[in-house]
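Welcome! Below are some short exercises, each followed by a worked solution, to help you find your way around. Have a look at the model first, then try each task before reading on.

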Amino acid sequence: MTANTNDTKASSAKPSITESQAWQQLQAHFQQVQSLHMRDLFAADPQRFERFHVSLGDILLDYSKNRMTDETHRLLLELAQQAGVEAWRDKMFSGDHVNLTEDRAVMHVALRNRSETVMRVDGIDVMPQVRRVLQKMRSFSDAVRSGEFRGYNGERIKSIINIGIGGSDLGPLVVCESMKPYAQRGLNAHFVSNADATHLLETLKNVEPESTLFVISSKSFTTQETMLNAESAKAWFLSLVGNEKAIAKHFVSVTNNTEAAEEFGIAADNIYEIWDWVGGRYSLWSAIGLPIALYLGMDHFEELLEGAHVMDQHFKTAPLAENMPVIMALLGIWYNNFFDAQSHAVMPYSQYLRRLPAYLQQLDMESNGKTIDRDGERVDYLTGPIIWGEPGTNGQHAFFQLLHQGTKPVPADFLVPCISQNPMGNHHRVLVANCFAQTRALMHGKTTGEALEQLREAGLADDEINDLFAHKVFDGNKPSNTILFEKLTPKTLGSILALYEHKVFVQGIIWNINSFDQMGVEYGKELAGDIQGELSHRDQTECYDSSTNALINHRKDIYFRHYERRDYDKK
């Protein structure tokens, strides 16, 4: 296995991270340890867990079930130091423009700063404006939840529909889904993001216009999918209400394009500010989190901020060897770049966290899915992995077979609460037992001797044993992290989400890429705009490649014939 993905190394303005002393030492070390089995490492070292775990508050990270030794740990830490992780971390917290391609600061940590510390962007302390928006969110959410703020005809608000996409959707969605036990009775939160009208229409079937509040979340107020859904939601509302002035009582917006929001019909008092130093996938901590405050209450939203702030301070001050985000990032580098692991699985053993893998897909893959480094040169090593997962125990009956006996290396994170929000019989004991059993089985495996003994104890004949035993052998040596926490509370969730944010940041620094832009997303949007125009007329399209032309023309043929036939049938 090799850390390189290209045969020819790209030229660069400065030496690649793969040429650093730490990387070269890790490459040599990998050759020495790749055949070691974790089963033997645990057997030889009864104190392995003690050395390879770290705690913060009620969160425990057990990373002892990884293919590493003390020397691996030391070399990975040296890699982080040589890559300048500490210096880049300090730059981010200081408001430097670490988003190099867009020349912006990356200061989502200021949004959850619960201390009196000044946090500056371009020399200006941003905390007064952050606190002002938080207070505005509190006033509005309190008014909606208490019934003081009502719809145009005096109805209480019973349904909140967030219309956004990407970070303006997944962030608030994962928090509201995860924190359902803290929601106010009689208040429902819905999230619409897809350009497919089905997403909007199926949601609207469950609400009444008189008791619905729409939150339009778009930094620019021009995002195509968001504005398409917003305009359709507005048309639906007006078709039933027939009163333009009522929009001010049922539509609010989070944007920094105030003028466009007002033109849409949203009252100036119902527009919430977001700043250009807040990236989309880091925006749930800002006014983009308004649906969270409405659904859970502002006290719980601020507990979420507090949990993230605790993790921020840990990331900022803890030594690298005891730093939870740094440790997780380095283990990801170890598998991605030395074991050639192309993906990373996330298994939350909590139904409330069922949307966490989707949230982390955006956070990780949109951040670190890059081939160009900060110097504008093509990288010669693997960058961000594919993130995927499913809640346990469902995943066990779907894809765990591949994890246990497949041919692909897949490091995994297991997350599980010690106490259930919904205690019922033995449900939670069974859930936790399965979580711990899976990490044990992935690590330990089952030897040929153990498989033979098990089959003999089952009373099978020798010929049956000979036919079956090879299928009962599990190699094991499959790495995993276990994140164990007391209970899934807003504070704990805030810490977990911030943990993954900082992990992604550290990996981006080591890979020398900008984790804060998304040029690939923008390119797809440009092409979609062009093709949309082609789909609007019957003329044959010939301006693209043969495949794209054929697909466009085939759709046009079916589409126009369908509507011509329908119009004919009406006559």
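**Exercise 1. Find out how strand 8 and strand 9 run relative to each other, parallel or antiparallel, and how many bridges join them.**

Solution. Keep in mind that this is a predicted model.

- Step 1: Strand 9 covers residues 271-272, and two bridges join strand 8 to it.
- Step 2: Following the directions of the two strands shows that they run parallel.
- Step 3: For one facing pair, look at valine 254, which stands opposite tyrosine 272 in strand 9.
- Step 4: Now trace the connection: from strand 8 the chain passes through helix 11 (residues 258-264) to strand 9, a right-handed β-α-β crossover.

**Exercise 2. Work out which strand strand 7 is joined to, and by how many bridges.**

Solution.

- Step 1: Locate strand 7 at residues 212-217; four bridges join it to strand 8, and the two run parallel.
- Step 2: Pick out a pair: phenylalanine 214 has phenylalanine 251 of strand 8 as its bridge partner.
- Step 3: Between strand 7 and strand 8 the chain goes through helix 10 (residues 224-241), and this β-α-β crossover is right-handed.

**Exercise 3. Decide whether the residues on the two faces of strand 8 are buried or exposed.**

Solution.

- Step 1: Strand 8 spans residues 251-254, with Phe251 and Ser253 on one side.
- Step 2: Val252 and Val254 are on the other side.
- Step 3: Buried means under 20% relative accessible area. All four of these residues are buried, so both faces of strand 8 are covered.

**Exercise 4. Describe the largest cavity and what lines it.**

Solution.

- Step 1: Begin with the overall count: there are eight cavities of 30 Å³ or more.
- Step 2: The largest of them holds about 70 Å³ of space.
- Step 3: Its lining has 13 residues, and those nearest the centre are Gly332, Asn336, His344, Pro385 and Gln507.
- Step 4: Helix 14 (324-337), strand 10 (343-348) and helix 20 (490-510) each supply at least two lining residues, and helix 14 gives the most, with three.
- Step 5: Sorted by class, the lining has six nonpolar, five polar and two charged residues.

**Exercise 5. Do the same for the second largest cavity: what is its volume, and which element gives the largest share of its lining?**

Solution.

- Step 1: The volume is about 60 Å³.
- Step 2: Among the residues lining this cavity are Trp88, Val98, Arg374 and Phe516.
- Step 3: Helix 20 provides the largest share, three residues.
- Step 4: By class, the lining divides into six nonpolar, three polar and one charged.

Note on methods:
Residues are numbered from 1 along each chain as its sequence is written. This is a predicted model: local features need pLDDT of at least 70, side-chain atom pairs count only at pLDDT 80 or more; totals for chains, interfaces and linings use all residues. Side-chain values use heavy atoms; hydrogens and water are left out. On a 1 Å grid over the protein atoms alone, a cavity is a set of points where a 1.4 Å probe fits but cannot get out, and a pocket is an open set with protein on both sides within 12 Å along at least five of seven lines; lining residues have an atom within 4 Å of a point. Grid points are joined across faces, edges and corners, and a volume is the space filled by probe spheres set on the points. Ala, Val, Leu, Ile, Met, Phe, Trp, Tyr, Cys and Pro count as nonpolar, Asp, Glu, Lys and Arg as charged, and the others, Gly among them, as polar. Buried means under 20% relative accessible area, exposed over 50%, partly exposed in between (1.4 Å probe, protein chains only). Two strands pair if DSSP finds at least two bridges between them. A crossover is right-handed if, with the strands pointing away from the viewer, the path from the first strand over the helix to the second runs clockwise.
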